[in-house]
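Q: I am new to this structure and would love some help finding my way around. Could you take one part of it and walk me through that part slowly?

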Amino acid sequence: MIQPALFNFIVSKDGRTITVERSFNAPLDPVWAAWTEADILCQWWAPKPYKCVVLSLDLRDGGRWLYYMEGPTGDRHHCFFDYEVVQPKSFFTGHDGFCDENGNATDMIPSTKWENRFSEMDGTTTVRVLLTFVSAEALEKTIEMGFKEGFTMGLEQLDEFLAASKK
């Protein structure tokens, strides 16, 4: 794998945020599609050996993405992402969390606000993700659950997907 030109993972416990900046050696269109189209998103979102299964994805202001991650033994972790604002090929914001199979939020961990920004320069696209947590405890729990390792693996899988789709 080619090392990304940019990879930052910054935790601010005082600010209750995690900022992830990651560049991809690909133009904006395929990177945006990889974050917003169900058939592509599921190819990289869940860290291996888990797989992502999209139940629905309604990418619009007020829309919802409902999915689950399934482990090799059949265990399922249902999740949602409620879109607030979507500006195509620029950014989207919303809240995510764990839910039951019907999409009802659970108290496994409080919902987290996401702000994803996309920018391209000279054929390289940078994605900046700002996660804001309701409390320092929610931030700590997310870190303890292995968010950094899992999200990093997913971004590496996205990098591999983008490289393979160029061929």
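What follows is a close look at one strand, its partners and the turn beside it, and then at the core.

A: Happy to help! Please keep in mind that this is a predicted model. Let us start with strand 8, which covers residues 124-132.

Look first at where its side chains go. Thr 125, Val 127, Val 129 and Leu 131 point to one face and are buried. Thr 124, Thr 126, Arg 128, Leu 130 and Thr 132 point to the other face and are not buried. This fits a general pattern: in a regular strand the side chains alternate between the two faces of the sheet.

Now turn to the strands that pair with strand 8. Strand 7 pairs with strand 8 in the antiparallel sense, over nine bridges. In strand 8, Val 127 has Phe 118 standing opposite. Strand 2 also pairs with strand 8 in the antiparallel sense, here over eight bridges. Ile 18 stands opposite Leu 131 of strand 8. Leu 131 and Val 127 both belong to the buried face described above.

Next, follow the chain from strand 7 into strand 8. These two strands form a hairpin with two residues between them. Asp 122 lies in this loop, between strand 7 (112-121) and strand 8 (124-132). Its phi is near 55°, a positive value in a residue other than glycine. Asp 122 counts as exposed, because its relative accessibility is 77% and the cut-off for exposed is over 50%.

A second positive phi appears just before strand 2. Arg 16 sits in the loop between strand 1 (7-12) and strand 2 (17-24). Arg 16 is not a glycine, yet its phi is positive, at about 60°. With a relative accessible area of 32%, Arg 16 is partly exposed.

Finally, let us visit the core. The largest nonpolar core has 40 residues, and Trp 35, Trp 45 and Phe 151 touch the most other members. Helix 1 (residues 28-36) gives the most to this core, with six residues. In soluble globular proteins, nonpolar side chains tend to be buried together.

Trp 45 is a good residue to click on. Leaving aside neighbours within four places in sequence, Trp 45 is in contact with Trp 35, Cys 52, Trp 65, Tyr 67, Met 69, Trp 114, Phe 151 and Gly 154. A little further along the chain, a cis peptide bond joins Lys 48 and Pro 49, with omega about 15°. Pro 49 is in the loop between helix 2 (38-41) and strand 3 (51-57).

Conventions: Residues numbered from 1 in each chain as written. Predicted model: local features only at pLDDT ≥ 70, side-chain atom pairs only at ≥ 80, totals over all residues. Heavy atoms only, no water. Core = buried A, V, L, I, M, F, W, Y, C linked by side-chain atoms within 4.5 Å. Buried < 20%, exposed > 50% of the residue type's maximum accessible area, 1.4 Å probe, protein only. Helix = DSSP H or I, 4+ residues; strand = E, 2+ residues; numbered from the N terminus. Contact = heavy atoms within 4.5 Å. Pairing = 2+ DSSP bridges.
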